[in-house]
Amino acid sequence: MIAAEWAAKRRVTVEVLRYRPEQDADPSLQAYDIPYTEGMSVLQALQHIKDHIDGTLSFRWSCRMAICGSCGMMIGGKPQLACQTILRAGEDRPLRIEPLKHFAIERDLVVTMSGFISKLESIFPFIIPKTSRATTEGEYLQTPAQLARFENFSDCINCMLCYAACPQFGENPDFLGPGVFALLQRYNGDSRDGGRERRMELVHSEDGAWSCTAVGYCSDVCPKHVDPANAVNQNKTNSAVDFFFRFLPRRRSPEREA
Amino acid sequence: MKVMVVDIAIVGAGGAGLRAAIAAAEADPALNIVLVSKVYPMRSHTVAAEGGSAGVTQRHDSLEHHFNDTVTGGEWLCDQDVVDYFVAHCTEEMVRLEHWGCPWSRLADGHVNVRAFGGMKIERTWFAADKTGFHILHTLFQTSIKYPAITRLDEHFCTALVVDDGRCYGVVAIDISSGEFTFVAAKAVVIATGGAGRVFLQNTNGGIVTGDGMAMVYRHGVALRDMEFVQYHPTCMPGSGLLFTEACRGEGGILTNKDGYRYLQDYGLGPPDPWPRNKAMELGPRDRLSQAFWHEERKGRTIATRNGAAVNLDLRHLGAKKLRERLPQICELAESFLGIDPAERPVPVRPAVHYTMGGILVNRETASTLTGLYAVGECSSIGIHGANRLGSNSLAELGVFGKVAGEAAARCARSLPPGPMATLKKQADDVRRRAVDLIRNEAGGERLAVLRDAMAQSMETGCGIYRLDAQMKQTCHTLAELKNRYRRLRLDDTSRAWNTEWLAAIELGYQLDVAQAMAHSAFARKESRGAHSRLDGFEQRDDANFLKHTLAVYRADGPPAISYMPVNITRSAPGKRAYGAEGEHLEGYRKEQTQGTNP
């Protein structure tokens, strides 16, 4: 152990967007100078500020390991999880930490989540069984290949980074958005599910898949490699196919029975 | 103050709370059920569980094996009637989660796959890669959305129960976004607030795991049981305490010291080969593995890192492909936080606090001693974990007893009349006044983080992997002093909307009470059993005097009153707890004794 190296008292400055609804008319930046340790995360920097410098700074966090999805924020202009983003020392300019873009600020780094939650709730985010089954009959069989068709989309942690990355959501807050599309595709792609038709109404709607302008930044920022852009694209295809088939005599495949 | 009148209030929307809500809604869709949680449901700490959840599926496994692994692992401090109910219902709950969409990992033929875990005779851990808790939580949350009987108060922080004449009538909660108070009046209340690992310094727990429900209930005279039993998980990240799942070892990972030596063979867990082998070496139980680390550190055989001593978790021989498939999150954690690819280099690990075996005393129906009050999950002590929880049993517990709690609360809500509203509202107003006083306290000068860190350090010193009389006494003393200083807490933030400093102050109050219950329970148990191990003349298990549950009862002006209650032992008499070769030998002997009775 080279104690001297680890104990080196380096410092770093971060700028945090502050907004306290009970006293501030507008948001403004506040700079904090903090001791730096190698490997320190942005979350640890914020915790240091709250614990030792300024207890009034508010932000969401919990698991510290990039799975609970609480601590999404704009870090250096990019949507990232604070717990997973390592702070760097010796940069020219202070690192800027702001609330997630495209969302209303409730206070400091806390944004309003209720719109996202309503969308999530609206897409029938649960198995609508293709064939019902009692627990005494055991599990539905699902091969690894069938699992692979939706597994990736089931990894979404609802951190909303993709919404902050989505220019279309910035323009139209009613757009279902990348994360919710990933969830929708997670259920539509599940071999146990028969609820696709119900969900497709939302896909076809004004705020559905066709709102997407295929920028793809949502997938770039996803901390879990869910690839929501792919989910939206698959739904564009499905929506086009549905549109085409509605001019043909109706013949529903068993897979699409609700 | 806003008043919301419901049938059932469930506090906590993690795995246990969500499962209880669904069970209550299925039992009676006409009920009005509200889920109150200080975070959105998918942020609850169930999300961080990695390795898997127990349920007997294989032909050569049996409920008897699951029972024995649980009771032996808990060093006979488990209530065996409750364990019987538990093991008989685990698989059904796992199948139910499957029907609700949980993406369990599969065998080639489409059946659900199971993996090995520590202290487990036959593989029975259902898993969804290494994000099992995450998938269970999201499955339950999303499934809960289809029940109109369930409404949610997301980001509402509970400050107290409302209790009158021996019955619980609801909770008072702060709407975090505005700081406004709501009295949730309910005929039945279910506490499902999780554990209290954040009272320790190095832990695997999320910031929200602060023992809220335990403390709220404790303050109303309900005993906290077996609080001295706190589980250290042997493989965590030095410094942060982040968890590397037991499944790392279930999949074949090994632990080596600074000489590359598999040191567990020196602690009654060997021989090292053949490997992997159930109930031996790295697949020993968590308490024994954490204790072995402690000894290695004192022998000077651990590795120095910038965050303290560590040993190596070596996964290289599993190969990149298997690691990506079975342990993707472990790879990601090692890469993001340590810059290590586990396929290339071993991962430094050490023990950290993981789980509170003890909790709110409840019966088999999850009912507490207060009428109308139930508790389930890590916050409760229903009797299945004993002195050391078997890995994979906690997620299964959420399902099995979450269902029991929801159904029990539904029966209660249908049978009991509503409370005396005027009296209850007055109580709720008192609760609000006390909570607001915390913001307005201008007399003091104590800083929140200073007290919190002193508590966590003191718990680590006095109630760690090994315990000494003098150190426990010192911790008890320190906690009493910190409770005094807590009265002089001074907050920077006097606002109401999103005042997270205020909420953390209320949490610290909860934590200090829970920590006291732990430290005093530990001090009083003069023996070594499971996670409670002493080095001060009480190194042995003492069944004559301590084969019993500890009860800690709150006293407003002093330390808790400690008493004991019997353990329910039905058919597994306390015996020697052995793993590795010794365990295999004992097992053979026991089999001879009970030939022909094997189910």
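User: pLDDT is the predictor's confidence in each residue, from 0 to 100. With that in hand, what is the mean pLDDT of chain A?

Analyst: Heads-up: this is a predicted model, where local features need pLDDT of at least 70, side-chain atom pairs count only at pLDDT 80 or more, and totals for chains, interfaces and linings use all residues. Residues are numbered from 1 along each chain as its sequence is written, while chains are lettered from A and ligands numbered from 1 in the order in which they are written. In chain A, 91% of the residues reach 70 or more, and the mean pLDDT is 91.

User: Where in chain A does pLDDT stay under 50?

Analyst: Where pLDDT is low, the predicted coordinates should not be read in detail. The stretch you're after has 9 contacts beyond four places in sequence, a contact being two C-beta atoms, placed from the backbone, within 7 Å. It's residues 252–258 of chain A.

User: Which helix gives the most to the largest nonpolar core?

Analyst: A nonpolar core joins buried Ala, Val, Leu, Ile, Met, Phe, Trp, Tyr and Cys residues through C-beta atoms within 7 Å, and buried means 20 or more other C-beta atoms within 10 Å (exposed is 12 or fewer, partly exposed in between). The largest one has 263 residues, and B:Ile8 and B:Tyr374 are among those with the most contacts inside it. Helices are DSSP runs of H or I, at least four residues, and strands are runs of E, at least two, numbered from the N terminus. With 15 residues, the top contributor is chain B's helix α14 (residues 500–524).

User: Which helix supplies the largest share of the side of chain B that touches chain A?

Analyst: The contact takes 46 residues from each of chains A and B. Several chain B helices supply at least two residues each, including α9 (328–338) and α12 (448–462). The largest share is 5 residues, and it comes from α3(B).

User: What is the strand order of the open sheet of 3 strands in chain B?

Analyst: Two strands pair if DSSP finds at least two bridges between them. The edge strands, each pairing on one side only, are β3 (53–54) and β4 (114–115). β4(B) pairs with β5 (residues 125–126) in the antiparallel sense over 2 bridges. So the order follows from the pairing, and it reads β3-β5-β4.

User: And how many bridges link β19(B) and β20(B)?

Analyst: β19 (residues 548–553) also pairs with β10 (residues 224–225) in chain B. Toward β20(B), B:Lys548 has B:Pro566 as its bridge partner. That antiparallel pairing with β20 (residues 561–566) runs over 6 bridges.
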